[in-house]
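Here are a few exercises to work through with the structure open in your viewer. Try each task before you read the solution.

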Amino acid sequence: MDLAKYRAIFVEEAAENFAEMGRALLALEKNPGDAEAIDTMFRMAHSVKGMAASLDYTSVAELAHRLEDRMHAVRDRGRVSAGEESALLFRGLEALEAMLEAVKAGVTPPAGDPSLLAALRAPLAAEPAAAPAKPPVAAPAGAANAPAAPRPASVSVPGPSSTVRVQAGVLDRFLSTVGEVILCTSQVRTAATDGRADDGHFEEGLDRMERVVGELQRRALDLRTTPILRIVEPLPRAAREIARRAGKQVEVLLAGAELELDRSILDRLSDPLVHLVRNAVDHGIESPAERAAAGKPEAGRLVIEARREKGHVCIEVRDDGAGIDLDRLRARAVELGMLHPDLAADLTPAQAAALVFRAGLSTAREVTEVSGRGVGMDAVRATVEALGGAVEIETQRGRGTTTRLRVPITAAVQRVLLVSVGGETLALPIAKVERILETPASAVEQSGSDAFTLVDDELVPVLELASLLRLGPPPVDALRVLVLAEVRGDRVALGAARVLGQQQIYVKPVPELLAGVRALAGFTILGDGRPVFLLDPNQVA
Amino acid sequence: MARILVADDASFMRQMIREIVEAQGHEVVGEASDGDEVVEEFKRLHPDVVTMDIVMPRRSGIDAVKSIIELDRKACIVMCSALGQESLVKEALAAGARDFIVKPFKPDAVVATLSKVVEKPE
């Protein structure tokens, strides 16, 4: 095939397509429901995808594919959503044009901007499942800038629901993907029975099948996500109710509530968030008189903000209240025998603030009706950590307290490091792994029952997974494999026999029989049929 | 050897198919760039095989299949689809298309599919 010739045709034809797409987008700005313009966008993106894929311009093909998918959704919906979506489509077109320039210049087109690709995909995939959860009242985006309007919700937050409302259209798309699986199956079967397994048909069929099943997995995962709004929506009202009882005033702002999280994670975050809000109003925000005396507005301000971070969502509960009395907290920890007095004095403010996550600690001068026996914060931490997340707290006397919950967006699929320990294969969440060390056994220093090694001039404890999990004696190799991991915020070197590699696994819940073993965060079945347990490093050490 | 009508809105794709099939000794008797044109060309040329893009302006590939099958129940149409369009392919097969090839085209796959439909006329 004469590639140069096709490249020239591609450049010419794609440029025409882009020009037409530009005109269609302008038409859509004037009339977001312009069916002809929507159809043109869809067809042009499709056409560009086909050409680009033929020439192995994968980044062009991928971006065009995303645009095509997006336009498919737009077509189903009947219109382009105002503002953002239109801007997104323009961005997509501009990126395509930039890629075409590269092709013209004879260089490989650059990879697509991941955030653009994600943006083109994200709302489309989640929208149908999310729609029923959206309230008919003020949009969450607007709530970011204005105090949330009172909503007719009760103070209590709805508990986890086991039913999921799904739009019929979503199910239809699901079924059509299942149809594709059936189609692929028959293709593979035909190839196998025709005895043409060796001329590529079989391979091709399998490839298609893999793609379609991947698509099905993506759709299924999307079904599991739902906007954070579902659990934060009742919080402003709950906060005001708590404030009213305490004779305080509070303004609540919600932001980022449109972000989506795995349903199973979201449901479990509801109680911790209620607790944080109660704490903030009850212990953080002062009475109007105290606030006036401190030169603050009489009404306290409580911000509940969700942000997207890499692979995570961070939900922040921020108040402008009195902050935590760290001296009091230190004293209380010493009084309860949790902390040696000398150590207490050495704690940094951040470390001292983190004491609130210890069970049984509370500085509230008196136990109030609504909250505060300190039972909450340790439960908050336990819940968030069990979800594979982390909690942190920041406080400034007189200025307020900020608590951050960081949780993974999806629980089900995780990238793991597979290690061999005492003849067993175990999985460690890759997010917790910093790097893998190969250290001479002599560099691991024994000090009593503890072992340490020097990493970047820092003494790091060495924990032998084999001993901890009672899988036999630790390996005695001359060269030790240590997995440098983060355990509750600290670096720890986990001793293993061998590193087997990385893998994406679908994490299944631990079978009930083993549910009592805290170190097990889940399990999966590997491609060869072997079950592998996923370790929760926080619970191992 | 077969007389082939190639329908695709992208001349890039038409050219590519033409090159692949002509290398096998088939003859491309016509090209069409939209769903209306392919039906007109089919009436005029009576080709042995039509390669039909699914997504085309004016009349979709699937509607064009329906129109052509109405004209000639024995018409031999091969759909050209992209990945992720399997449900449309199914629809086209149900409407009477004989087989399909997937973009980006692999010459071998195109040739194999064509010889299959040409050798096994229904």
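Keep in mind that this is a predicted model.

**Exercise 1. Find the strand that holds A:Glu486, and decide whether A:Glu486 is buried, partly exposed or exposed.**

Solution. Start with the strand: A:Glu486 sits in β14 of chain A, which covers residues 479–487. Next, count neighbours: there are 16 other C-beta atoms within 10 Å of A:Glu486. Being buried takes 20 or more, and being exposed takes 12 or fewer. A count of 16 falls in between, so A:Glu486 is partly exposed. Now look at who is around. Leaving out residues up to four places away in sequence, A:Glu486 touches A:Lys432, A:Glu434 and A:Arg491. There's also A:Val433: it is 53 residues away along the chain, yet its C-alpha atom is 6.4 Å from that of A:Glu486.

**Exercise 2. Which strands pair with β15(A), and in which sense does each run?**

Solution. Take β14(A) to begin with. It pairs with β15(A) in the antiparallel sense, over seven bridges. One bridge to look up is that of A:Ala485, whose partner in β15(A) is A:Val492. The two strands form a hairpin with two residues between them, and A:Arg488 there has a positive phi near 50°. Then go to β13 of chain A (residues 458–464), which runs parallel to β15(A) and is joined to it by three bridges. Here A:Glu464 has A:Gly495 as its bridge partner. Finally, check the cover: β15(A), residues 490–496, is mostly covered, with five of its seven residues buried.

**Exercise 3. Work out how helices α2 and α3 of chain A are arranged relative to each other.**

Solution. First get the geometry. The axes of α2(A) (residues 35–54) and α3(A) (residues 58–77) come within 8 Å and cross at roughly 155°. Angles over 145 degrees count as roughly antiparallel, so that is the label for this pair. The crossing is left-handed. Next, see what fills the contact: α2(A) contributes residues including A:Ile38, A:Met41 and A:Phe42, while those from α3(A) include A:Val60, A:Leu67 and A:Met71. Sort the contact residues by class and you get 13 nonpolar, three polar and three charged.

**Exercise 4. What is the strand order of the five-stranded sheet in chain B, and which strands stand at its edges?**

Solution. Trace the sheet across: the order is β2-β1-β3-β4-β5, the pairing is parallel, and the sheet is open. β2 (27–32) and β5 (99–102) each have a single partner strand, so these two stand at the edges. On average, neighbouring strands are turned by 25° against each other, ignoring direction. For a look inside the sheet, go to β1(B) (residues 3–7) and β3(B) (residues 49–53), which are joined by four bridges. B:Leu5 is bridged to B:Val50 of β3(B). Now add helices: α3(B) (residues 61–71) lies across β3 and β4, at about 155° to β3(B), and α5(B) lies across β3, β4 and β5, at about 175° to β5(B).

**Exercise 5. Describe the side of chain B that touches chain A.**

Solution. Begin with the head count: 20 residues of chain B meet 21 residues of chain A. On the chain B side, α1 (11–23), α4 (86–95) and α5 (107–119) each give two or more residues. α1(B) has the largest share, with six residues. By class, this side has 11 nonpolar, three polar and six charged residues.

Terms used
Residues are numbered from 1 along each chain as its sequence is written. Chains are lettered from A and ligands numbered from 1 in the order in which they are written. This is a predicted model: local features need pLDDT of at least 70, side-chain atom pairs count only at pLDDT 80 or more; totals for chains, interfaces and linings use all residues. Two residues are in contact if their C-beta atoms, placed from the backbone, lie within 7 Å. Ala, Val, Leu, Ile, Met, Phe, Trp, Tyr, Cys and Pro count as nonpolar, Asp, Glu, Lys and Arg as charged, and the others, Gly among them, as polar. Two strands pair if DSSP finds at least two bridges between them. Axes are lines fitted to C-alpha atoms, for helices over the stretch in contact, and angles run from 0 to 180 degrees between N-to-C directions. Angles under 35 degrees count as roughly parallel, over 145 as roughly antiparallel, 65 to 115 as roughly perpendicular and the rest as oblique. A crossing is left-handed if the near helix is turned anticlockwise from the far one by less than a right angle, and right-handed if clockwise.
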